[in-house]
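User: I would like to work through a protein model step by step, with questions that the structure itself can answer. Please show the sequence and structure before we begin.

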Amino acid sequence: MQYMKRSANLWPFFAGAALIFLAVSRSTKITSGTVPACYLTEHFSLAEVEHSNEAISHNINNKPPAWALANAVQLAVNVLEPVRNYLGLPLIVNSWYRSPAVNVAVGGSDDSDHMRALAADVTTGNKSTNAAIIRAALALDLPFDQLIIYDSQEAPSRVHLSYEPGQARQQIKFKDASGYTSIDLDAARLFYL
Ligand SMILES: [Zn+2]
């Protein structure tokens with residue numbers, strides 16, 4: 001029975017395996033012209049996982065290793081894609097995977113979930129609609145591990161969403177210049193739903 005239950009949720013692993021194959025084959029081929037976009041799920045691409053302004057400006061390699069790509073698929077399938085579909089709006093990824101060097105450059109914490117591609121900072125592109133990201137995560141009761149609201153509860157500058165296989169703590173925190181504040185899940189539901 002245990003296996004039966006788990007088997008229903010296996011397709012992220014197949015998608016992960018396919019992505020790893022694509023990533024490896026891409027890196028070993030000499031390509032010319034337009035390289036087709038490689039997608040993890042319907043709306044989230046490999047380019048979004050590895051993109052980092054900090055990596056570009058410091059010329060740091062930010063290519064996720066195969067295991068991190070498999071993690072990225074899990075975050076996309078379980079959290080990002082449901083949020084995106086609930087909103088019916090594009091989600092812009094500010095930061096997803098961070099190589100250890102990029103994490104140092106951005107001043108991320110030593111154990112940042114971004115270093116495992118299990119966290120992404122997203123925005124709708126407009127502060128006034130970013131609270132809808134939080135509303136979606138709560139309304140759908142998504143299995144996120146941490147949700148961090150940045151700078152304003154009503155109009156966040158961005159929202160950090162993480163996924164940890166087998167550990168959906170649904171922790172909510174608010175972060176601004178004065179630091180982190182924990183927000184009770186029920187209080188967040190009252191505020192956002
Ligand atoms: Zn983050």
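User: Which residues touch the most other members of the largest nonpolar core?

Analyst: This is a predicted model, in which local features need pLDDT of at least 70 and side-chain atom pairs count only at pLDDT 80 or more, while totals for chains, interfaces and linings use all residues. Residues are numbered from 1 along each chain as its sequence is written. A nonpolar core is a set of buried Ala, Val, Leu, Ile, Met, Phe, Trp, Tyr and Cys residues joined through C-beta atoms within 7 Å, where buried means that 20 or more other C-beta atoms, placed from the backbone, lie within 10 Å of the residue's own (12 or fewer is exposed, and in between is partly exposed). The largest such core has 37 residues, and those touching the most other members are A72, L75, L80, A117, A137 and L161.

User: Which element supplies the largest share of this core?

Analyst: Helices (H or I, at least four residues) and strands (E, at least two) are DSSP runs, numbered from the N terminus. Elements that each supply at least two residues of this core include α5 (66-87), β2 (119-123) and α7 (131-139). The largest share, ten residues, comes from α5.

User: With which residues is L80 in contact, leaving aside its neighbours within four places in sequence?

Analyst: Two residues are in contact if their C-beta atoms, placed from the backbone, lie within 7 Å. With the neighbours within four places in sequence left aside, the contacts of L80 are F44, L75, L91, A120 and L161.

User: Why does A55 count as buried?

Analyst: A55 is found in helix α4, which covers residues 53-57. Leaving aside neighbours within four places in sequence, A55 is in contact with I60, N62 and V102. A55 counts as buried because its C-beta neighbours inside 10 Å number 21.

User: How are α5 and α7 oriented to each other?

Analyst: The axes, which are lines fitted to C-alpha atoms over the stretch in contact, with angles running from 0 to 180 degrees between N-to-C directions, come within 9 Å for α5 and α7 and cross at roughly 110°. Angles under 35 degrees count as roughly parallel, over 145 as roughly antiparallel, 65 to 115 as roughly perpendicular and the rest as oblique. The two helices α5 and α7 are therefore roughly perpendicular.

User: Which residues of α7 are met by V83, Y86 and L87 in α5?

Analyst: In this contact, V83, Y86 and L87 are the residues on the α5 side. Their partners in α7 are A132, I133, A136, A137 and A139.
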